[in-house]
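Okay, thanks everyone for coming. I'd like to walk you through a structure that's new to most of us, so have a look at it first.

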Amino acid sequence: MPGTVAVLGGGISGLAACYHLSRAPWPPKVILIEASQRLGGWIRSVRGKDGAVFELGPRGIRPAGELGARTLLMVMLGGAWLQALEDGGQKLPEELFQQQAQEAAATQLGLKTPPTQSLVSLHKSCIPQYTLGHWQRLEAAAQFLADHQLPLTLAGASYEGVSVNDCIESGRRAAARVLSTDPDL
């Protein structure tokens, strides 16, 4: 009889892991444990007062149909330039982020016309930004789990990439590891 696998977190990686586990030739019982009232993790859509849709999350995902046609672009900012501003004690008004986003869209995508709608949100430290030695720590954690034969695998934006595609692949790999290493499955 197949075993049971608990997936902690209903973000994109957890959902991908559940999907791939449930599609195995002899699928285990899969239990998804999510702390919030909704699935998707950091991925979510926000509708403005006028009906414009803004995508929040690892990368923009557009809904299908007419609604998706009105969702044009998401720009995520951060990194060295933001750190320099913070270190210099500069205030961080929404207008600054709006200007930086418009400049990034103009430079990278050739979009010169200002947006008809915009939503600016500052979420400090919300996007995983890997620090020096991240990959070595990740390898050490994987080795520890293997050495101690712990029935645990890691997946998600905190480990192997922050894009939606990275997160889905991370969930798929986690499911494959579970299916290939657990003798009860």
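Before we start, one term: when I say buried, I mean a residue with under 20% relative accessible area. With that in hand, look at helix H1, where the buried residues are Ser13, Gly14, Ala16, Ala17, Cys18 and Leu21. What do they pack against? The buried residues of H1 sit against S1, S2, helix H6 (157-160) and H7.

Now, keep in mind that this is a predicted model. The average pLDDT for the protein is 78, and 72% of the residues score at least 70. Confidence is highest in S2, at 96, and lowest in helix H2 (residues 65-69), where the mean is 58. Where pLDDT is low, we shouldn't read the predicted coordinates in detail.

Okay, the overall layout. We've got seven helices and four strands, and from the N terminus the order goes β-α-β-β-β-α-α-α-α-α-α. Of the 185 residues, 24% are buried. The accessible surface comes to about 12,700 Å², and carbon and sulfur atoms account for 56% of that. As for contacts between residues at least 6 apart in sequence, 50% of them join residues at least 24 apart.

Let's go inside. Which residues make up the largest nonpolar core? There are six: Val5, Val7, Cys18, Leu21, Ala175 and Val178. Strand S1 (4-8), helix H1 (12-22) and helix H7 (164-181) each put in at least two of them. So you'll recognise Cys18 and Leu21 from the buried list for H1.

Staying with H7, find Ser170 in that helix. Is Ser170 buried or exposed? It's buried, because its relative accessible area is 0%. Leaving aside residues up to four places away in sequence, Ser170 touches Ser13, Ala155, Gly156 and Glu160. And Ser13 is another one from the buried set in H1.

Now to the outside. Leu8, Ile31 and Ile33 form a nonpolar patch on the surface, together offering about 300 Å² of accessible area. Ile33 belongs to strand S2 (residues 29-33), and it counts as partly exposed because its relative accessibility is 44%.

One last oddity: Gln149, in the loop between helix H5 (134-147) and H6. Most residues other than glycine have a negative phi. Gln149 isn't a glycine, yet its phi is positive, about 50 degrees. It's also exposed, since its relative accessible area is 70%.

That's my tour, thanks for listening.

Technical notes: Residues numbered from 1 in each chain as written. Predicted model: local features only at pLDDT ≥ 70, side-chain atom pairs only at ≥ 80, totals over all residues. Heavy atoms only, no water. Patch = residues over 30% accessible without salt bridge, like charges linked within 9 Å, V, L, I, M, F, W, Y side chains within 5 Å. Areas by Shrake-Rupley, 256 points an atom, 1.4 Å probe, with all protein chains shown as cover. Salt bridge = Lys/Arg side-chain N within 4 Å of Asp/Glu carboxyl O. Helix = DSSP H or I, 4+ residues; strand = E, 2+ residues; numbered from the N terminus. Buried < 20%, exposed > 50% of the residue type's maximum accessible area, 1.4 Å probe, protein only. Core = buried A, V, L, I, M, F, W, Y, C linked by side-chain atoms within 4.5 Å. pLDDT = per-residue confidence, 0-100. Contact = heavy atoms within 4.5 Å.
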